[in-house]
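Let's take a walk through this fold together. Have a look at the sequence and the model, then read on.

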Amino acid sequence: MDLSLETRDVGGRTIVAVGGEIDVYTAPKLRDRITELVAAGTYHLVIDMEAVEFLDSTGLGVLVGGLKKVRAHDGSLSLVCNQDRLLKIFRITGLAKVFVIHDSADAALAGA
């Protein structure tokens, strides 16, 4: 399974729609996209994970790394996730307390 990334700007925030599996093989692609966006001066990101089918510890590490990158510029990184199996991973790891997690992209943009 591959990873798809689609980036769009909405109201001063950048949504990165992620699809497929975020694992040890595909996570570097997501990490590189986040790094490129931050290097280009984009510090308010919404990672839309509605189409993500699988997430492992490497993927979690990339998300935490992205959060650190944007916070270094007083930015924000929130997640869109409405799948119980993925939300459970965030709860078990304690990352549900670290990330702001919305159930839709609209909710994430409204919560800016």
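## Ground rules

A residue is called buried when under 20% of its relative accessible area is left, exposed when over 50%, and partly exposed in between (1.4 Å probe, protein chains only). Helices (H or I, at least four residues) and strands (E, at least two) are DSSP runs, numbered from the N terminus.

Keep in mind that this is a predicted model: local features need pLDDT of at least 70, side-chain atom pairs count only at pLDDT 80 or more, and totals for chains, interfaces and linings use all residues. Residues are numbered from 1 along each chain as its sequence is written, and side-chain values use heavy atoms, with hydrogens and water left out.

## The sheet

Start with the sheet: five strands make it up, it is open, the order is 1-2-3-4-5, and the pairing is mixed. Two strands pair if DSSP finds at least two bridges between them. Strand 1 (3–10) and strand 5 (100–102) are the edge strands with a single partner each, so each has one side without a neighbour in the sheet. On average, neighbouring strands are turned by 25° against each other, direction ignored.

Strands 1 and 2 are antiparallel partners, joined by eight bridges, and Arg8 sits opposite Ile15 of strand 2. The two strands form a hairpin with two residues between them, and Gly11 in the turn has a positive phi of about 55°. Strand 2 also runs parallel to strand 3, again with eight bridges; here Gly20 has Val52 as its bridge partner.

## Helix 1

Now for helix 1: its buried residues are Ala27, Leu30, Ile34, Leu37 and Val38. They cover an arc of only 100° around the axis, which puts them on the same side of helix 1; the arc is taken from the directions from the helix axis to the C-beta atoms. Flip to the other side and you find Glu36 and Ala39, both exposed.

What covers the buried residues? Strand 1, strand 2, strand 3 and helix 2 are among the covering elements, with contact meaning heavy atoms within 4.5 Å. Just after helix 1 comes Gly41, with a positive phi of about 95°.

## Helix 2

How does the length of helix 2 (residues 57–71) work out? At 1.5 Å a residue, its 15 residues should span 21 Å, and the end C-alpha atoms are 21 Å apart, which agrees. That expected span is 1.5 Å times one less than the number of residues. At the N-terminal end, Asp56 acts as a cap, with a side-chain oxygen 2.9 Å from the backbone nitrogen of Thr58.

The buried residues of helix 2 are Gly59, Leu60, Val62, Leu63, Gly66, Leu67 and Val70. Seen down the axis, they fall within an arc of 160°, so they line one face of the helix. Ser57 and Lys68 are exposed on the face turned away from that buried side. The buried residues pack against strand 2 (13–22), helix 1 (27–39), strand 3 (44–55), strand 4 (76–80) and helix 3 (84–93).

## A loop with a twist

Between helix 2 and strand 4 there's a loop that holds Asp74. Its phi is near 55°, a positive value in a residue other than glycine. Most residues other than glycine have a negative phi. Is Asp74 buried or exposed? Its relative accessibility is 71%, so Asp74 counts as exposed.

Note on methods:
Polar contact = N/O pair within 3.5 Å; in protein donor to acceptor, adjacent residues only side chain to side chain. Axes fitted to C-alpha atoms, helices over the stretch in contact; angles between N-to-C directions.
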